[in-house]
Amino acid sequence: MEPSFAPYAAHSGQSRGRVHREAPAAPRSEFQRDRDRIIHSTAFRRLEYKTQVFVNHEGDLFRTRLTHSIEVAQIGRTIARLLSLNEDLVEAVALAHDLGHTPFGHAGQDALNACMREHGGFEHNLQSLRVVDVLEERYAEFEGLNLTFEAREGILKHCALANAEKLGEVGRRFIDRKQPSLEAQIANLADEIAYNNHDVDDGLRSGLITLEQLSEVTIFDRHLAEVRRKHPALQGRRVVTETVRRIINTLILDLVDTTRTNVVNSGVETLDDVRNAPPLAAFSPAILEQHRELKRFLLHHLYRHYKVARMSTKAGRIISDLYAAFTGDARLLPPEHQARESLEGRRAVADYIAGMTDRYAMREHRRIYAVEEIYD
């Protein structure tokens with residue numbers, strides 16, 4: 001028995017189903033089964049050692065893709081509950097959205113995409129769907145995790161038309177210019193809320209950005225002033241965490257209020273209505289601009305910081321070198337990946353590299369290129 005949801009929420013009992021039919025998951029709902037399969041997947045465990053902004057070995061307290069995904073799920077569930085949407089579906093999408101990410105964050109993705117440019121490119125969002133549809137090896141009856149249509153739809157946030165045409169039903173909305181469920185829309189914005197704010201936290205912890213610099217950002221300055229007004233003696237990390245949690249709360253409440261208003265004004269009554277409407281999950285114009293201002297600050301002061309740029313350059317070289325080595329001589333691949341490479345070519349090489357953790361990619365690079373590792 002599912003909780004009481006809004007009429008336009010996604011109900012697992014009315015799901016479009018799975019590619020491979022299975023017996024009901026009772027007493028779990030179908031979306032709970034999706035979530036559980038994601039949590040137990042190999043790709044999910046690997047996220048612990050994949051970069052968010054700072055490479056894993058640079059510090060124990062910086063976010064990884066795993067902790068990021070957990071934070072997205074927590075924020076998404078809160079929003080879903082306030083809007084009477086399906087929390088289990090939001091959580092499943094949130095936990096799975098980065099399963100296809102390369103090692104070394106966006107630097108790794110950019111490098112692998114450049115390598116694959118003449119062979120279909122590489123995009124981590126599409127790769128996340130490939131992970132749950134094909135690459136996970138856990139079940140006797142099918143490849144992948146055999147998730148519900150709604151979970152797969154939410155994972156596929158972006159998709160070029162050329163790729164959408166190859167994906168069948170799950171890619172159809174990009175061709176028809178329709179929207180995914182509200183749960184998928186919420187998970188997408190929860191991702192933005194999470195990474196902006198934990199990147200602020202990690203950036204301050206690293207010392208690459210300062211409170212003084214962030215005081216130039218409207219939404220941060222407003223909440224920092226509130227913390228200092230209410231707690232004038234507060235010092236150190238607690239000033240940061242109090243400020244960041246207030247920003248997150250402001251963004252969540254604004255998103256809930258704006259989305260609720262959009263739903264009422266659009267007159268949607270069913271999930272099909274949601275799919276045929278413009279995007280409904282949104283921030284108010286004022287908060288959206290403040291949110292974007294924070295994103296611009298992080299781009300210029302953190303992501304383009306020379307220390308981050310140095311690591312990104314190293315990461316790109318590692319990915320490019322591995323790709324060159326494996327495509328130049330498939331015998332360098334582990335046996336199971338050699339078999340896949342003989343069938344799928346360079347896509348199998350991209351799958352292997354994308355599945356690596358940061359430290360595994362560095363180890364593979366040393367094994368192939370470092371003379372002192374000749375016998376490893």
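Axes are lines fitted to C-alpha atoms, for helices over the stretch in contact, and the angle between two of them runs from 0 to 180 degrees between N-to-C directions. The model on display is predicted.

**First stop: α3 and α10**

Begin by selecting helix α3, residues 65-82, together with helix α10, residues 182-206. The two pack with their axes 8 Å apart, at an angle of about 125°. That value makes α3 oblique to α10, and the crossing of α3 past α10 is right-handed. To see where they touch, display the side chains of His68, Glu71, Val72, Ile75, Gly76 and Ile79 in α3. Their partners in α10 are Ile186, Ala187, Ala190, Asp191, Ile193, Ala194, Tyr195 and His198. Coloured by class, this contact shows nine nonpolar, three polar and two charged residues.

**Second stop: α10 and α13**

Keep α10 in view and add helix α13, residues 237-266. Here the axes come within 10 Å and cross at roughly 160°. The pair is therefore roughly antiparallel, and its crossing is right-handed. On the α10 side, select Leu182, Ile186, Leu189, Ile193, Asn197, Val200, Asp201, Leu204 and Arg205. On the α13 side, the residues in contact include Arg237, Val240, Val244, Ile247 and Ile248, and further along Leu251, Ile252, Leu255, Thr259 and Val263. By class, the contact of α10 with α13 comprises 14 nonpolar, two polar and three charged residues. Ile186 of α10 takes part here and also in the contact with α3.

**Third stop: asparagine 86**

Now move to the loop between α3 and α4, where asparagine 86 is found. Is this residue buried or exposed? With a relative accessibility of 1%, asparagine 86 counts as buried. Its side chain has a polar atom 2.8 Å from the backbone oxygen of alanine 10. Asparagine 86 also caps the N-terminal end of α4, with a side-chain oxygen 3.1 Å from the backbone nitrogen of aspartate 88.

**Fourth stop: α4 and its surroundings**

From the cap, continue into helix α4, residues 87-96. How many of its residues are buried? The count is 10 of 10, and the helix is mostly covered. Charged residues are included, since Glu87, Asp88 and Glu91 are among the buried ones. What covers these residues includes α1, α2 (42-46), α3, α6 (124-135), α7 (149-155) and α10.

Of these neighbours, select α1, residues 30-39. The axes of α1 and α4 come within 8 Å and cross at roughly 20°, and the two helices are therefore roughly parallel to each other. The crossing is left-handed. Phe31, Gln32, Asp34, Arg35, Ile38 and Ile39 of α1 meet Asp88, Leu89, Glu91, Ala92, Leu95 and Ala96 of α4. This contact has seven nonpolar, one polar and four charged residues.

**Last stop: valine 274**

Finally, select valine 274, which is placed in helix α14, residues 271-276. Its relative accessible area is 0%, so valine 274 is buried. Which residues are in contact with it, leaving aside neighbours within four places in sequence? They are Tyr8, Gln179, Pro180, Ser181, Leu182, Gln185, Val268 and Leu280. Leu182 of α10 was met earlier, in the contact with α13. To close, draw a distance from valine 274 to alanine 225: the two are 49 residues apart in sequence and 39 Å apart in space, C-alpha to C-alpha.

Methods: Residues numbered from 1 in each chain as written. Predicted model: local features only at pLDDT ≥ 70, side-chain atom pairs only at ≥ 80, totals over all residues. Heavy atoms only, no water. Helix = DSSP H or I, 4+ residues; strand = E, 2+ residues; numbered from the N terminus. Parallel < 35°, antiparallel > 145°, perpendicular 65-115°, else oblique. Left-handed = near helix turned anticlockwise from the far one by under 90°. Contact = heavy atoms within 4.5 Å. Nonpolar A, V, L, I, M, F, W, Y, C, P; charged D, E, K, R; others polar. Buried < 20%, exposed > 50% of the residue type's maximum accessible area, 1.4 Å probe, protein only. Polar contact = N/O pair within 3.5 Å; in protein donor to acceptor, adjacent residues only side chain to side chain.
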